[in-house]
Amino acid sequence: MSLSGTPDLISIPTLHLHGTKDVNYANGKKQLAAYYDPKTSRLIEINYHHAMPWFKADLMKLVDGIESIYRDTQEIL
Amino acid sequence: MAPLPRIACFHGGGSSAAIFATQCQTLQSQLSSTFEFVFFDAPYERDAGPGVLPYFTYEKFGPYRTWFCKNESGQEVPDGRMEGGEGNGEGGIERVLRLLREEGEGGEWVGCMGFSQGTRVLGGLLLHQQKRREMGFPVGEGEVEFRFGVLCMGSFAPMVSDLTGRKSKFLLLRWSPSYEWGYRKSY
């Protein structure tokens with residue numbers, strides 16, 4: 001908690017994968033907005049339900065996203 | 001050859017390390033020259049979560065697990081601690097930090113990845129790490145410093161740790177006449 005009583009935002013870089021067919025899609029947006037700093041979070045959306053990506057194109061978006069966030073955080077500590 | 005950097009992985013509710021690893025097989029093979037993915041089991045048992053059955057049968061993949069337990073009135077315990085029960089009252093985040101230490105030598109723990117409920121463990125770990133840094137604690141022996149987190153299909157609040165939970169208690173107690181300054185100050 002910060003002094004204002006609102007939860008601190010997580011500012012360690014994060015990659016968020018949301019599925020537009022996920023029953024928790026709206027809750028995922030709430031999670032991102034409530035707990036993660038928009039300056040350090042990035043979002044990928046796939047047209048998929050509540051599961052890890054199955055289709056190759058979706059999976060490659062996640063692969064690329066992980067490679068990028070790793071590359072971008074090499075020097076940060 | 002130097003060991004690959006490691007990514008700590010946390011499965012969803014009603015799943016397990018083995019199930020999540022299977023679901024991440026293609027992801028792992030795509031990144032097999034870059035990372036080692038290490039999968040952790042949640043402490044408590046529950047029924048199968050979404051997408052687990054019919055493929056991941058109990059006979060082959062059970063028991064199914066959850067990171068959170070409930071108190072006597074059926075409410076979820078925010079720090080995943082079961083008082084007097086399994087795990088001898090160890091907090092959920094503290095347990096994971098211990099498991100990470102116990103993995104021993106290997107590649108640097110660069111990131112963490114969670115699916116669904118597992119994103120709440122991930123969030124708890126990152127918040128804990130952030131708090132520890134803000135409060136000026138030095139990095140301890142074998143202590144993990146994640147560079148990034150990957151949240152897949154996540155929702156809801158991060159799991160609370162001793163550090164993040166006590167911090168909020170600290171602020172509440174500031175206005176309480178029975179506030180134990182000397183004791184709390186040690187944080």
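Begin by selecting the contact between the two chains in this predicted model, to which chain A contributes 32 residues and chain B contributes 35 residues. On the chain A side, three elements each supply at least two of the touching residues, namely β1 (14–19), α1 (25–35) and α2 (56–72). If you colour these elements separately, look at α2(A) before the others, since seven residues of the side that touches chain B come from this helix, the largest share. Colouring the side of chain A that touches chain B by residue class then gives 17 nonpolar, eleven polar and four charged residues.

Next, keep β1(A) in view and add strand β6 of chain B, residues 148–152, to the selection. These two strands pair across the chains in the parallel sense, and the pairing runs over four bridges. To look at one of the bridge partners, select A:T14 and then, in β6(B), B:G149, with which A:T14 is partnered.

Now hide chain B and follow chain A by itself. Starting from the N terminus, you will meet its elements in the order β-α-β-α, which amounts to two helices and two strands. If you then colour the 77 residues of chain A by burial, 30% of them come out as buried.

As a last step, display the contacts within chain A, taking those between residues at least 6 apart in sequence. Which share of these contacts joins residues at least 24 apart? The computed value is 68%.

Definitions and conventions:
Residues numbered from 1 in each chain as written. Chains lettered and ligands numbered in written order. Predicted model: local features only at pLDDT ≥ 70, side-chain atom pairs only at ≥ 80, totals over all residues. Buried ≥ 20, exposed ≤ 12 C-beta atoms within 10 Å, placed from the backbone. Contact = placed C-beta atoms within 7 Å. Nonpolar A, V, L, I, M, F, W, Y, C, P; charged D, E, K, R; others polar. Pairing = 2+ DSSP bridges.
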